[in-house]
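Me: I am a first-year student and should like a close look at a single part of this structure. Please take one helix and its surroundings, and explain step by step how that part is packed.

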Amino acid sequence: MKSYVDYLRDLLGQDVLLLPVHKGTKQPAILWGRLTIAAMSDPKYLDKLNRAANIGVVLGEVSGGVCSIDIDDDELMQPFLKLNPFLAGTLCSKGKRGCNYWVRLEGECHRTFTFAAKGKPAGEFRSTGGYTIIHGTHPDGMNYRILNEAAPVEVAYDSIKWFEKSEKPSPPTTSSLSLNT
């Protein structure tokens, strides 16, 4: 029988770095800033992942270009899909509200930044230096779940359309490094 870690690797790709996270939190269970994909070949690390209550995905360059687009509100999910119809075929996960659309960038990984819709915060593009929780228990008690079980679509960064892109990247804070939905 496959473990959930094996399931996630089959879904996301074998070149993706997964991260053990404390149950019901968004806090990693280890120091992760210097981890490389080589950790995914270490039996001790894989055992820790398989015992982790929550699992995150380290994003960007270390994970072969896998990034997530965090949409902060359920009501913005369909309008964002209308702007980016190719996302209908990609991995989509959900925590408390909104969702994360998962993509694999072709070429350079752009920095994490926030974006808005009609002048109000709408979400965040997460990349190198960040992570997104994909499995386990959200701090508010509900389970993270997969809404669309598909591999992340491969896409050129310039093909993604934003409601309103912020002019400066998000600072590397805990909230920008973990799932806010």
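Reply: The following account begins with helix H3 and then proceeds to its surroundings. Please note that the model is predicted.

Helix H3 comprises residues 74–83, and within this helix Leu76, Met77, Phe80 and Leu81 are buried. Why are these residues on the same side of H3? The reason is that they cover an arc of only 140° around the axis. A general property of helices is useful here: an α-helix has 3.6 residues a turn, so residues three or four places apart point the same way. The other side of H3 presents a contrast, for Glu75, Gln78 and Lys82 are exposed there.

What do the buried residues of H3 pack against? Their partners are strands S3 (66–71), S4 (92–94), S5 (99–106), S6, S7 (120–126) and S9 (145–148).

One of the buried residues of the helix, Phe80, also belongs to an aromatic cluster, together with Tyr101, Phe113, Phe115, Phe125, Tyr157, Trp162 and Phe163. In the structure, the count of aromatic pairs comes to 14. Phenylalanine 113 and tyrosine 157 form one such pair, with 6.5 Å from centre to centre and 90° between the planes, an edge-to-face arrangement. Phenylalanine 113 lies in strand S6 (residues 113–117), whereas tyrosine 157 lies in the loop between strand S10 (153–156) and strand S11 (164–169), so the pair ties together parts that are 44 residues apart in sequence. Both phenylalanine 113 and tyrosine 157 are buried.

The nonpolar cores place these rings in a wider setting. The largest nonpolar core has 26 residues, and those with the most contacts inside it are Leu12, Leu18, Val57 and Trp102. Helix H1 (4–12), strand S1 (18–21), helix H2 (43–51), S2 and S8 are the elements that give two or more residues to this core. Its largest share, four residues, comes from H1. A second, separate core has 23 residues, including Val103, Phe113, Ala122 and Phe125.

Two of the elements that contribute to the largest core, S2 and S8, are also joined to each other. Strand S2 (residues 54–58) and S8 run antiparallel, and four bridges join them. Valine 57 has threonine 132, in S8, as its bridge partner. Strand S8 (residues 131–135) is mostly covered, as four of its five residues are buried.

Two cysteines also deserve attention. How many disulfides does a search of the whole structure find? The search finds zero. The sulfur of cysteine 92 has its closest cysteine sulfur in cysteine 99, but the separation of 3.7 Å is too far for a bond, because a disulfide requires the sulfur atoms to lie within 2.5 Å. Cysteine 92 is buried, with a relative accessible area of 6%, and cysteine 99 is likewise buried, with a value of 0%.

Finally, one residue of a neighbouring loop may be considered. Lysine 118 lies in the loop between S6 and S7 and is exposed, with a relative accessible area of 80%. Most residues other than glycine have a negative phi. Lysine 118, however, has a positive phi of about 55° although it is not a glycine.

Notes
Residues are numbered from 1 along each chain as its sequence is written. This is a predicted model: local features need pLDDT of at least 70, side-chain atom pairs count only at pLDDT 80 or more; totals for chains, interfaces and linings use all residues. Side-chain values use heavy atoms; hydrogens and water are left out. Buried means under 20% relative accessible area, exposed over 50%, partly exposed in between (1.4 Å probe, protein chains only). Rings of Phe, Tyr and Trp (its six-membered ring) pair if their centres lie within 6.5 Å; planes under 30 degrees apart count as stacked, over 60 as edge-to-face and the rest as tilted. Two strands pair if DSSP finds at least two bridges between them. A nonpolar core is a set of buried Ala, Val, Leu, Ile, Met, Phe, Trp, Tyr and Cys residues joined through side-chain atoms within 4.5 Å. The arc is that of the directions from the helix axis to the C-beta atoms. Contact means heavy atoms within 4.5 Å.
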